[in-house]
Amino acid sequence: MNISTSDVVLLAHAGFGVTGCLAALWVFLEALNAQPGNAARIRTAALVTAFSMAAAWICGGYWYVHFYPPDRALILQGPWPFAHNLVMETKEHLFLITGILAFLLPVVAREKLHLNAAARKLVLSVAALIVITGLAVEGAGAVIEHGAKVALLRGGSKGAQ
Amino acid sequence: MRSAMAPESEKLIAATSGFVLAAAITALFNTALAWARDAYAPLNGIMKSLTGNSWTAHCLADLVLFGGLGLIFTKTRAAEKIDASRLTGALIGAVAIAALGLALWFAFV
């Protein structure tokens, strides 16, 4: 088995991102039925969301700066250049919005949600936005990965012919 | 059931409204900065010279703006005057415009 630092950092980025999305979904579901009894759980889940997204940001940023340039060159020479030009360019900036929303969630989750309908709607909205943009970013990651894969496979098959 | 327990409030605390407004502004700023970096190469060079990578500088700009505006709006209570529902709508609208703005820019420009 040969697992490089690049592999570990990239998988940690995706893993923390999924954990952040699931934690935001947890906040959403708890906030639907906000009670004094689940207030602490909502705040904990909001903090898990923020920490997971921060870890995903750091891992993703480190990988993007140190390991992505060769992949980018490969993708741009392959049959799916839009995997970088459109998908990666959008993803690397859209993720920053997801990150900011994740940092916002623990702040808004400090409200007494069971007594405040406006705050409840706000927490539901922020959590839903994190899940939607987070899943879009996860899907974008899969497209970028496939862009590199088809570049290698089709480049390799051309070489074999 | 909820209304039988206690009267519901519709007001947000200063920190909540302040940081929500800051997040909405930061989302739009993030997209505007991405457009500016893509359209004007010297800006990319300036940002790269600051942190070694222009994307890292972009991240820091977003974080500083979000934290800074959030603290300023909390301290001045500027966002408290905005209705909570309008603030929620503004955040959703800002994120939708920012996300769509990024995708359309990189798809067609």
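Which residues in H4(A) meet which residues in H2(B)? Keep that in mind while you load things up, and remember that this is a predicted model.

**Stop 1: the H4(A)–H2(B) pair**

Select helix H4 of chain A, residues 82-108, and helix H2 of chain B, residues 14-39. From H4(A), pick His93(A), Leu96(A), Ile97(A), Ile100(A), Leu101(A), Leu104(A), Val107(A) and Val108(A). Their partners in H2(B) are Ala15(B), Thr16(B), Phe19(B), Val20(B), Ala23(B), Thr26(B), Ala27(B), Asn30(B), Thr31(B) and Ala34(B). Color that set by class and you get 13 nonpolar, five polar and no charged residues.

Now draw the two helix axes. They sit 10 Å apart, at an angle of about 175 degrees. Angles over 145 degrees count as roughly antiparallel, and H4(A) and H2(B) are therefore roughly antiparallel to each other.

**Stop 2: the rest of the chain A–chain B contact**

Widen the selection to the whole contact between the chains: 35 residues come from chain B and 30 residues from chain A. On the chain B side, the elements giving two or more residues are helix H2 (14-39), helix H4 (54-76) and helix H5 (84-108). Which of the elements gives the most to the side of chain B that touches chain A? That would be H5(B), with twelve residues. Taken by class, this side of chain B has 22 nonpolar, nine polar and four charged residues.

**Stop 3: Thr98(A)**

Go back to H4(A) and click on Thr98(A), which lies in that helix. Is Thr98(A) buried or exposed? Thr98(A) has 28 other C-beta atoms within 10 Å, and the cut-off for buried is 20 or more, so Thr98(A) is buried. Leaving aside residues up to four places away in sequence, Thr98(A) touches Met53(A), Ile130(A), Thr133(A), Gly134(A) and Val137(A). For a distance check, put a ruler from Thr98(A) to Pro81(A): they are 17 residues apart in sequence and 25 Å apart in space, C-alpha to C-alpha.

**Stop 4: chain B on its own**

Hide chain A. Chain B has five helices and zero strands, so to speak an α-α-α-α-α run from the N terminus on. The C-alpha trace spans about 60 × 30 × 20 Å along its principal axes. The radius of gyration of chain B is 18 Å, whereas a compact globule of 109 residues would have one near 13 Å. Color by burial and 38% of the 109 residues show up as buried. Of the chain B contacts with a separation of 6 or more, 76% are between residues 24 or more positions apart.

**Stop 5: H3(B) against H4(B)**

Select helix H3 of chain B, residues 41-51, together with H4(B). Their axes are 7 Å apart and the packing angle is about 85 degrees, and H3(B) and H4(B) are therefore roughly perpendicular to each other. Show side chains for Asn44(B), Met47(B), Lys48(B), Leu50(B) and Thr51(B) in H3(B), then for Ser54(B), Thr56(B), Ala57(B), His58(B) and Leu60(B) in H4(B), which they meet. This contact divides into four nonpolar, five polar and one charged.

**Stop 6: Arg77(B)**

Last pick: Arg77(B), in the loop between H4 and H5 of chain B. Most residues other than glycine have a negative phi. Arg77(B), though, has a positive phi near 60 degrees. Arg77(B) is also exposed, with 12 other C-beta atoms within 10 Å.

Key: Residues numbered from 1 in each chain as written. Chains lettered and ligands numbered in written order. Predicted model: local features only at pLDDT ≥ 70, side-chain atom pairs only at ≥ 80, totals over all residues. Contact = placed C-beta atoms within 7 Å. Helix = DSSP H or I, 4+ residues; strand = E, 2+ residues; numbered from the N terminus. Nonpolar A, V, L, I, M, F, W, Y, C, P; charged D, E, K, R; others polar. Axes fitted to C-alpha atoms, helices over the stretch in contact; angles between N-to-C directions. Parallel < 35°, antiparallel > 145°, perpendicular 65-115°, else oblique. Rg over C-alpha atoms; globule rule 2.2 N^0.38 Å.
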